[in-house]
Amino acid sequence: MMVLDHLAEALERAGHPAEAVRARRAALDAARRTGRPVRWPFLRLAVTLRAAGRADEAVDVLDEAAAVFADSGDPKGQAAELTARRGAR
């Protein structure tokens, strides 16, 4: 997971948003396979999607995170922020 996360960061810095999104999705898939829910892959994928101009997909990822982590308001708060920003464009 962490290697994929570092790869995504490098791809973002190098100006390759589509590849960064693929690396973040792979990190999230790896996290899912562990059977232990981890919040950060969802949030980082959402941020990367937003940076790539794909806010609708980012909101979908955060909605999924909110379902997985129903005890926490963080993913929903992120989703609300992204939705507000999308409407402000």
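Trainee: Let's start with P17: is P17 buried, partly exposed or exposed?
Mentor: Keep in mind that this is a predicted model, and that P17 lies in helix α2. Buried would need under 20% relative accessible area and exposed over 50%. P17 has 40% relative accessibility, so P17 counts as partly exposed.

Trainee: And how far apart in space are P17 and G53, C-alpha to C-alpha?
Mentor: Along the sequence, 36 residues separate P17 and G53. In space, the C-alpha to C-alpha distance for P17 and G53 is 9.2 Å.

Trainee: Zooming out, what pattern does the chain follow along the sequence?
Mentor: The chain has five helices and zero strands. Reading along the sequence therefore means writing helices alone, and the pattern comes out as α-α-α-α-α.

Trainee: How much of the chain counts as buried?
Mentor: The cut-off here is under 20% relative accessible area. Of the 89 residues of the chain, the share that counts as buried is 33%.

Trainee: How do α1 and α2 run relative to each other, roughly parallel or roughly antiparallel?
Mentor: Helix α1 covers residues 2-13 and helix α2 covers residues 17-33, and their axes sit 8 Å apart. The angle at which α1 and α2 pack is about 165°. Angles over 145 degrees count as roughly antiparallel, so the answer for α1 and α2 is roughly antiparallel.

Trainee: Which residues of α2 does α1 meet?
Mentor: α1 passes α2 in a left-handed crossing. From α1 come L4, D5, L7, A8, E9, L11 and E12. By class, this contact of α1 with α2 has eight nonpolar, no polar and five charged residues. On the α2 side, the residues met are E19, A20, A23, R24, A26 and A27.

Trainee: What about α2 and α3: roughly parallel or roughly antiparallel?
Mentor: The axes of α2 and α3 are 9 Å apart, and the packing angle is about 165°. With the cut-off at over 145 degrees, that makes α2 and α3 roughly antiparallel.

Trainee: How many polar residues does the contact of α2 with α3 have?
Mentor: The crossing of α2 and α3 is left-handed. α2 brings A20, V21, R24, R25, A27, L28, A31 and R32, while α3 brings P41, F42, R44, L45, T48 and L49. By class, the contact of α2 with α3 has nine nonpolar residues and four charged ones, and the number of polar residues is one.

Trainee: Is T48 buried or exposed?
Mentor: T48 is placed in helix α3, residues 40-51. The relative accessibility of T48 is 3%. Buried means under 20%, so T48 counts as buried.

Trainee: With which side chain does the side chain of T48 make a polar contact?
Mentor: Leave aside the neighbours of T48 within four places in sequence, and the residues in contact with T48 are E12, A20, V21 and R24. The side-chain polar contact of T48 is at 3.0 Å, and the partner is the side chain of E12.

Trainee: One more residue: is L62 buried or exposed?
Mentor: L62 lies in helix α4, residues 55-68. Across space, L62 and R39 are 9.9 Å apart C-alpha to C-alpha, with their positions 23 residues apart in sequence terms. At 1% relative accessibility, under the 20% cut-off, L62 counts as buried.

Definitions and conventions: Residues are numbered from 1 along each chain as its sequence is written. This is a predicted model: local features need pLDDT of at least 70, side-chain atom pairs count only at pLDDT 80 or more; totals for chains, interfaces and linings use all residues. Side-chain values use heavy atoms; hydrogens and water are left out. Helices (H or I, at least four residues) and strands (E, at least two) are DSSP runs, numbered from the N terminus. Buried means under 20% relative accessible area, exposed over 50%, partly exposed in between (1.4 Å probe, protein chains only). A polar contact is a pair of N or O atoms within 3.5 Å; within protein, one must be able to donate a hydrogen and the other to accept it, and residues adjacent in sequence count only if both atoms are side-chain atoms. Contact means heavy atoms within 4.5 Å. Axes are lines fitted to C-alpha atoms, for helices over the stretch in contact, and angles run from 0 to 180 degrees between N-to-C directions. Angles under 35 degrees count as roughly parallel, over 145 as roughly antiparallel, 65 to 115 as roughly perpendicular and the rest as oblique. A crossing is left-handed if the near helix is turned anticlockwise from the far one by less than a right angle, and right-handed if clockwise. Ala, Val, Leu, Ile, Met, Phe, Trp, Tyr, Cys and Pro count as nonpolar, Asp, Glu, Lys and Arg as charged, and the others, Gly among them, as polar.
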